[in-house]
Amino acid sequence: MNPRDEGMGWIGVDLDGTLANYDEFRGDDHVGEPIEPMVERVKQWLAEGRDVRIFTARKPHPVIRKFCRDNFGKILPITNFKDQHMQANYDDRAVGIRRNEGIPFSEENEKQLFEEE
Ligand SMILES: [Mg+2]
């Protein structure tokens, strides 16, 4: 099945702090331990035939492909670009905004991000 044929776009999933534990920068060759609830979510999407991509600002590095192989059994596309086919973006730094309203879904979520500064 080509997910595009079903009218579904790709799902962008951030790496650091979303799929992999992140506390501080430890080098390009380091990826933290997998965060199980998000890893399981991605596995479920893959089982459903969804197009899931690692959406990260990181430079390409073999350690990201290794993380994919170790946790998903295959290498997912890795990108730092979004396009009109991205259906959803899972990211620990994202604030979900009500489309065409400019209002966050969660003020608590937004507040939390700025309190970390
Ligand atoms: Mg992140």
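How many residues has helix α1, and how far does the helix reach from its first C-alpha to its last? The structure is a predicted model, in which local features need pLDDT of at least 70, side-chain atom pairs count only at pLDDT 80 or more, and totals for chains, interfaces and linings use all residues. Residues are numbered from 1 along each chain as its sequence is written. Helix α1 (residues 36–47) has twelve residues and reaches 16 Å from its first C-alpha to its last, close to the 16 Å expected at 1.5 Å a residue, the expected span being 1.5 Å times one less than the number of residues. Helices (H or I, at least four residues) and strands (E, at least two) are taken as DSSP runs and numbered from the N terminus.

Helix α1 contains P37, which is exposed, with 7 other C-beta atoms within 10 Å; here a residue is exposed if 12 or fewer other C-beta atoms lie within 10 Å of its own, buried if 20 or more do, and partly exposed in between, with C-beta atoms placed from the backbone. Although P37 and L19 are 18 residues apart in sequence, their C-alpha atoms are 8.5 Å apart in space. After α1 comes G49, whose phi is positive, near 85°.

The loop between β1 and α1 includes G32, which is partly exposed, with 15 other C-beta atoms within 10 Å. The C-alpha atoms of G32 and A20 are separated by 5.0 Å, the two residues being twelve apart along the chain. When residues up to four places away in sequence are not counted, G32 touches A20, N21 and Y22, contact being assigned if the C-beta atoms of two residues, placed from the backbone, lie within 7 Å.

Four strands form an open sheet in the order β3-β2-β1-β4, with parallel pairing, where two strands pair if DSSP finds at least two bridges between them. The edge strands, each paired on one side only, are β3 (78–79) and β4 (86–90). Strand β1 pairs with β4 in the parallel sense over four bridges, and the bridge partner of V13 in β4 is Y90. Both faces of β1 are covered, since W10 and G12 on one side and I11 and V13 on the other are all buried. Pairing between β1 and β2 is likewise in the parallel sense, over three bridges, and G12 has R53 as its bridge partner in β2. From β1 the chain crosses through α1 to β2, and this β-α-β crossover is right-handed, the path from the first strand over the helix to the second running clockwise with the strands pointing away from the viewer.

The largest nonpolar core has 15 residues, and those with the most contacts inside it are V13, L15, V52, I54 and I64; such a core is a set of buried Ala, Val, Leu, Ile, Met, Phe, Trp, Tyr and Cys residues joined through C-beta atoms within 7 Å. At least two residues of this core are supplied by each of β1 (10–13), β2 (52–55) and α2 (62–72). Residues up to four places away in sequence not being counted, I54 touches V13, L15, I64, C68, L76 and I78.

A further backbone feature concerns N100, a residue other than glycine whose phi is positive, near 65°. N100 lies in the loop between β5 (97–98) and β6 (103–104) and is exposed, with 6 other C-beta atoms within 10 Å.
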